[in-house]
Amino acid sequence: MIGEFEYLILTAAASLGEEAYGAAIRAGIEEATGRVCSIGALYTTIDRLEGKGLITSWMGEATAERGGRAKRMVRLTAAGETAAKEFYETVTRISRGASWVSNRTVVREAIAWLR
Amino acid sequence: MATVIVDPMWSAAEAAALLLPASEREAVLGDLMETDASGWKALRAVIWLRVRREVELWRRWQPWAVGLGLALPSSFVLLGASVSVAWAFRGVLHGGGLHPDLVGGVLTFLEQALLMAGVAWCGGQTVALLSRRTLWTSALLCLIPCCFCLSRFRTEVLSPWCLLLFLVPAMCGIAVGLRRGHGGWKVQTGIAVFLTALALAQWRITLLTLCVLLWPAWYLATSARKTDLQ
């Protein structure tokens, strides 16, 4: 099974679709987690994911805001989507019954009842 | 074309990025520029990435086997073997070697030279095959015993540089390993058998030393066999 950070990268890349590249994935992870995502961690994990066949990457276009430097574009493979889905389902399954999940479920049910 | 930045820290970051592969350098510096990272932050990010890359390499068994199981111990043994070869050669040229007759002296020299060259060659080839990305570490681990022995080698009849004779076949082995990998399994097995026979005949060595010297030759033979079967 993939790790937490690997899952974050896969999910951020999937959400970004055709616009998934280093800086955008990093921004997505930082926004979602509220934690700093280092370039070192990002690129070594992208390499690992590529080695596992969960993503493919290639050099994309260069833009002026990047000082004329190319982007490293990322796309999930079918195996990557399956691995991310498995991770999500496992986390969801294991979380059932946890106090914070139950509370959230109660609140969600209350909101649904009020509507 | 890449934009030129005048911030000295950014220049340092760009210089540090030379340690990264070209495509990665492009992507990383571009990402840092896009996010308006300061020069200091960019330098730190690049160095950290390089460090992580190195750490990732050392999570596999190969660099450890090559560094601590081959480069370091084999260098010590091959330094001694190089001196033996130089000593035997001197014996052939000037007399006074292990054998008083010329033919015996030449044979001893050839046996020792072939064994030393073969072991060093196979060692270099194995280093290149198993862990080409940590070559610099293996080189450093080989250099430590060399410097240690060079600083202590004192004899009037032999130059201290004779200690480093083994480096020539070792570097040839590395070059071949980087370019072609290994040869056919019959050739590699033949070399391994030949070196084992030479080692058993030549040196009064312990089993441990024998293993340290010969495992690269047998690794190459096994690896070539696997490749042929595939």
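A residue is called buried when its relative accessible area is under 20%, exposed when that value is over 50%, and partly exposed in between. On this scale B:Cys211 is partly exposed, because its relative accessible area is 41%. The structure discussed here is a predicted model, and the same scale is applied to the residues that follow.

The account may begin with chain A and its annotated domain. The UniProt record, an unreviewed entry, assigns "domain: Transcription regulator PadR N-terminal" to residues 18–85 of chain A. Within the model, this span is 49% helix and 25% strand, and its end C-alpha atoms lie 19 Å apart. Helix α4 of chain A comprises residues 78–95, and A:Ser95 belongs to it. A:Ser95 has a relative accessible area of 17%, and therefore counts as buried. Its side chain reaches back to the backbone oxygen of A:Val91, at 2.4 Å.

The charged residues provide a second route through the model. Side chains of opposite charge can pair when their charged atoms come close. Over all chains, the search finds 16 salt bridges. One of them joins A:Arg72 and A:Glu50, with the closest N and O atoms 3.0 Å apart. This pair links distant parts of the chain: A:Arg72 is in strand β2 (residues 69–76) and A:Glu50 is in helix α3 (residues 39–51), with their positions 22 residues apart in chain A. The two partners fall into separate classes of accessibility: A:Arg72 is buried because its relative accessible area is 10%, whereas A:Glu50 is partly exposed because its value is 29%.

Another salt bridge crosses between chains. A:Arg66 pairs with B:Glu34, and the closest N and O atoms are 2.8 Å apart. A:Arg66 lies in the loop between β1 (55–63) and β2 of chain A, while B:Glu34 lies in helix α2 (residues 22–34) of chain B. Both A:Arg66 and B:Glu34 are buried.

A salt bridge within chain B brings together the side chains of B:Arg59 and B:Glu56, at 3.0 Å from N to O. B:Arg59 counts as exposed because its relative accessibility is 60%, whereas B:Glu56, at 22%, is partly exposed. These two residues also take part in a network of salt bridges that links them with A:Glu6, A:Arg48 and A:Lys52.

Chain B carries a further annotation. In its unreviewed UniProt entry, "transmembrane region" covers residues 64–90, 102–122, 159–178 and 190–218. The model gives residues 64–90 of chain B as 100% helix and 0% strand, with the end C-alpha atoms 37 Å apart. For residues 159–178 of chain B, the helix content is 60% and the strand content 0%, and the end C-alpha atoms are 31 Å apart.

Helix α5 of chain B, residues 102–130, contains B:Val106. B:Val106 is partly exposed, because its relative accessible area is 30%. Together with B:Leu102, B:Val103, B:Leu107 and B:Leu110, B:Val106 forms a nonpolar patch on the surface, and these residues have about 440 Å² of accessible area together. B:Cys122 is also placed in helix α5 of chain B, but B:Cys122 is buried, with a relative accessible area of 2%. Its C-alpha atom is separated by 15 Å from that of B:Leu72, a residue 50 positions away along the chain.

The loop between α6 (135–152) and α7 (167–180) of chain B holds B:Leu163. B:Leu163 is buried, because its relative accessible area is 4%. B:Leu163 and B:Ser84 are 79 residues apart in sequence, and their C-alpha atoms are 9.2 Å apart in space.

The cysteines complete the path. A disulfide is a covalent bond between the sulfur atoms of two cysteines. With a cut-off of 2.5 Å between sulfur atoms, the count over all chains comes to 0 disulfides. B:Cys162 is in no disulfide, and the nearest cysteine sulfur, that of B:Cys149, is 11 Å away. B:Cys162 counts as buried because its relative accessible area is 10%. B:Cys211, introduced at the outset, is likewise in no disulfide; the nearest cysteine sulfur is that of B:Cys122, 15 Å away.

Note on methods. Residues numbered from 1 in each chain as written. Chains lettered and ligands numbered in written order. Predicted model: local features only at pLDDT ≥ 70, side-chain atom pairs only at ≥ 80, totals over all residues. Heavy atoms only, no water. Helix = DSSP H or I, 4+ residues; strand = E, 2+ residues; numbered from the N terminus. Buried < 20%, exposed > 50% of the residue type's maximum accessible area, 1.4 Å probe, protein only. Polar contact = N/O pair within 3.5 Å; in protein donor to acceptor, adjacent residues only side chain to side chain. UniProt positions renumbered as here; feature names shortened; annotations may be inferred. Patch = residues over 30% accessible without salt bridge, like charges linked within 9 Å, V, L, I, M, F, W, Y side chains within 5 Å. Areas by Shrake-Rupley, 256 points an atom, 1.4 Å probe, with all protein chains shown as cover. Salt bridge = Lys/Arg side-chain N within 4 Å of Asp/Glu carboxyl O.
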